[in-house]
Amino acid sequence: MPPLSILSSPTPSAASSRLSDGSRHSDSHSVAFSRNRSIPDFEIERLPKQSNGGSKRPAVRRLQSDYGAENNLRVSISRIIAAKARPFTASGHIPLDPSALVLFFRSKGGITHSLDFPIDVDYDTPPALDVLVAACRPHTTAGINVYPDRASDSLFYPPNLPLTATLEIANHPILEAVRNSLFPNLPIGHYLVAVRDRLEVVLNGCRMPAQPRTLRNDGRVATVCVSLPVHFCGGALVVRDADGIEERFFGVGGKPDEVEWTAFLAECEYEVETVTQGCRMSISFAVHLKTYGPSVDPLITPSERFLDLLSPVLSLSRGRKVAFYLTQDYNVNPAESLAESLVPRLKGSDSLLYHALKAYKLAPELHWAAGGYIWPIDRTVECGNDTNDSPTSAAGIMSFASALPFNSPSRRSVPMRPMSYYGDPEEEEAELMRIQTDIIRQRVEESGAVLLSEAEIFVLSDWAPGPVSKEKVYFVSNGELEKLIVNVLLVTYVP
């Protein structure tokens, strides 16, 4: 029997011609070719067949086993990808010496107390801790006490009594870790701030009932819980998202040289399981999202000297639209982004000038500008590309090729035509550039840009022009990729 294929036959039979060593070829080419066409060797991947004539049932079992393992792997991969795509919790540790942490609070009698850490209530209970527990209130869920018996209630320190701690999460990169984990797509100019929420205490044998998100209607986007260095066992923190998916965080408190923290989104609810030993204490912080831009108050306030320097400029520009060129580069594509989207990213002198105009109760706007043209605030820069009938395309510019010298740079970038030795090469080059400029001007006008003079905008600049921001828009002209330099104008009307 001849081999099925020279390349795909792994075990040639005894009657096969020895084509691998080139010794002889006694079989018919047509027969081998017809058999090769009828068997799709490279289409289906099969497991090696048994050649000892045994039962094929073990092979079938092996296939089913492989399929089950692969299916389990795919299910596990889907779960981990789903969890990675939408995390709702984050946790970590603060490198902190627990002995450097002190909690100050005031009791109902008006006496101020201090509580030192670390604490192990099974070894020694500080008197200040008893005063703190006596001043606390039991937790409620939806306004109803889940555990009427105070002995089994979890507690929280009343918000109307003064409480402060030497622990400030602003001194640690917790908010940066929360931003990277839970808010990775937060735009530039948006930042997180933390406000201390409450002190929570769960004594031995107690648990905290589920705290739904409806109890936290203060506009927060996340919550950070910092476990104080008090030794305890049990008392796992359970966080549950809106879909019912749970995350559990186990801690022991009082761990040397570090303090544990856990963050979760505002849409989640949380609870603490029963503490079997010791006492679980934690301080929660409400995380809020802040931003600045055209619709909110300025984030910074320029100095009085800078405002005094700007005052005469605005006084002499009353009743006119004035504009300043921005000087920083922001590495954005004006063809894809609006100029106004740069407001949260302003830096250096640009940010100083923008906020100075805001301090004078003006309404500054950012616009794209190029070549004496300015785009509306809601338009991007569009230059278009060459088409077959475009004057700057190969077909449209062919008439200029015949008038250019053979060694002209422009000659090498246009279709070849019969050479002409008449005319000045520099003048022809200038004419070519003029036509290309006119085409770009036509494209700019078609994209919605208008002349600064038509928009009645007066650009304020120094006697000697300084650096200005330069962003680039790519377009195709004469078959080549070119870049249009676009500036950013800060425009405002001075009443």
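The following questions and answers walk through a predicted model of one protein chain.

Student: How many helices and strands are there in the chain?
Tutor: The chain has 495 residues, and buried residues make up 37% of them. Among its contacts with a separation of 6 or more, 73% are accounted for by residues 24 or more positions apart. As for the elements themselves, the chain holds 8 helices and 23 strands.

Student: What share of the area that the chain exposes do carbon and sulfur atoms supply?
Tutor: The area in question is the one that the chain exposes, which comes to about 28800 Å². Of this area, the part supplied by carbon and sulfur atoms is 54%.

Student: Are the buried residues of helix 4 on the same side of the helix or on opposite sides?
Tutor: The buried residues of helix 4, which spans residues 174-182, are Ile 174, Leu 175, Val 178, Arg 179 and Leu 182. An α-helix has 3.6 residues a turn, so residues three or four places apart point the same way. Because these buried residues cover an arc of only 140° around the axis, they lie on the same side of helix 4.

Student: Which strands do the buried residues of helix 4 pack against?
Tutor: The residues to follow are the buried ones of helix 4, among them Leu 175 and Val 178. The strands they pack against are strand 1 (89-94), strand 7 (190-202), strand 9 (222-227), strand 13 (259-265) and strand 16 (280-291).

Student: Is Leu 129 buried or exposed?
Tutor: Leu 129 is found in helix 3, which covers residues 127-135. Leaving aside neighbours within four places in sequence, Leu 129 is in contact with Leu 115, Ile 119, Val 121 and Met 281. Since the limit for a buried residue is under 20% relative accessible area, Leu 129, at 4% relative accessibility, counts as buried.

Student: Which residues does a cis peptide bond join?
Tutor: The place to look is the loop between strand 3 (112-116) and helix 3, where Pro 118 is found. The bond has an omega of about 0°, and the residues that it joins are Phe 117 and Pro 118.

Student: What is the relative accessible area of Asn 331, and why is this residue called exposed?
Tutor: Asn 331 has its place in the loop between strand 17 and helix 6, and its phi is near 55°, a positive value in a residue other than glycine. A residue is called exposed when its relative accessible area is over 50%. Asn 331 is therefore exposed, with a relative accessible area of 72%.

Student: Where does Lys 361 lie, and what is its phi?
Tutor: Lys 361 is exposed, with a relative accessible area of 75%. This residue lies in the loop between helix 6 and strand 18 (365-370). Although Lys 361 is a residue other than glycine, its phi has a positive value, near 60°.

Student: How far apart are the C-alpha atoms of Leu 307 and Leu 353?
Tutor: Leu 307 is found in helix 5, and at 11% relative accessibility Leu 307 counts as buried. Leaving aside neighbours within four places in sequence, Leu 307 is in contact with Pro 302, Ala 356, Ala 359 and Tyr 360. Leu 307 and Leu 353 are 46 residues apart along the chain, and their C-alpha atoms are separated by 9.3 Å.

Student: How many residues of the lining of the second largest pocket are nonpolar?
Tutor: The second largest pocket has a volume of about 480 Å³, and of the 20 residues that line this pocket, the closest to its centre are Phe 324, Tyr 325, Thr 327, Leu 353 and Leu 460. The elements that give two or more residues to the lining are helix 5 (304-315), strand 17 (320-325) and helix 6 (348-359). Alongside 4 polar and 2 charged residues, the lining of this pocket has a nonpolar count of 14.

Student: Which elements give two or more residues to the lining of the second largest cavity?
Tutor: The second largest cavity has a volume of about 30 Å³. The residues that line this cavity are Glu 200, Met 208, Cys 225, Leu 237, Tyr 270, Val 272, Arg 280 and Ser 282. The elements that give two or more residues to this lining are strand 14 (269-272) and strand 16.

Notes
Residues are numbered from 1 along each chain as its sequence is written. This is a predicted model: local features need pLDDT of at least 70, side-chain atom pairs count only at pLDDT 80 or more; totals for chains, interfaces and linings use all residues. Side-chain values use heavy atoms; hydrogens and water are left out. On a 1 Å grid over the protein atoms alone, a cavity is a set of points where a 1.4 Å probe fits but cannot get out, and a pocket is an open set with protein on both sides within 12 Å along at least five of seven lines; lining residues have an atom within 4 Å of a point. Grid points are joined across faces, edges and corners, and a volume is the space filled by probe spheres set on the points. Helices (H or I, at least four residues) and strands (E, at least two) are DSSP runs, numbered from the N terminus. Ala, Val, Leu, Ile, Met, Phe, Trp, Tyr, Cys and Pro count as nonpolar, Asp, Glu, Lys and Arg as charged, and the others, Gly among them, as polar. Buried means under 20% relative accessible area, exposed over 50%, partly exposed in between (1.4 Å probe, protein chains only). The arc is that of the directions from the helix axis to the C-beta atoms. Contact means heavy atoms within 4.5 Å. Accessible areas come from the Shrake-Rupley method with a 1.4 Å probe; for residues, only the protein chains shown count as cover.
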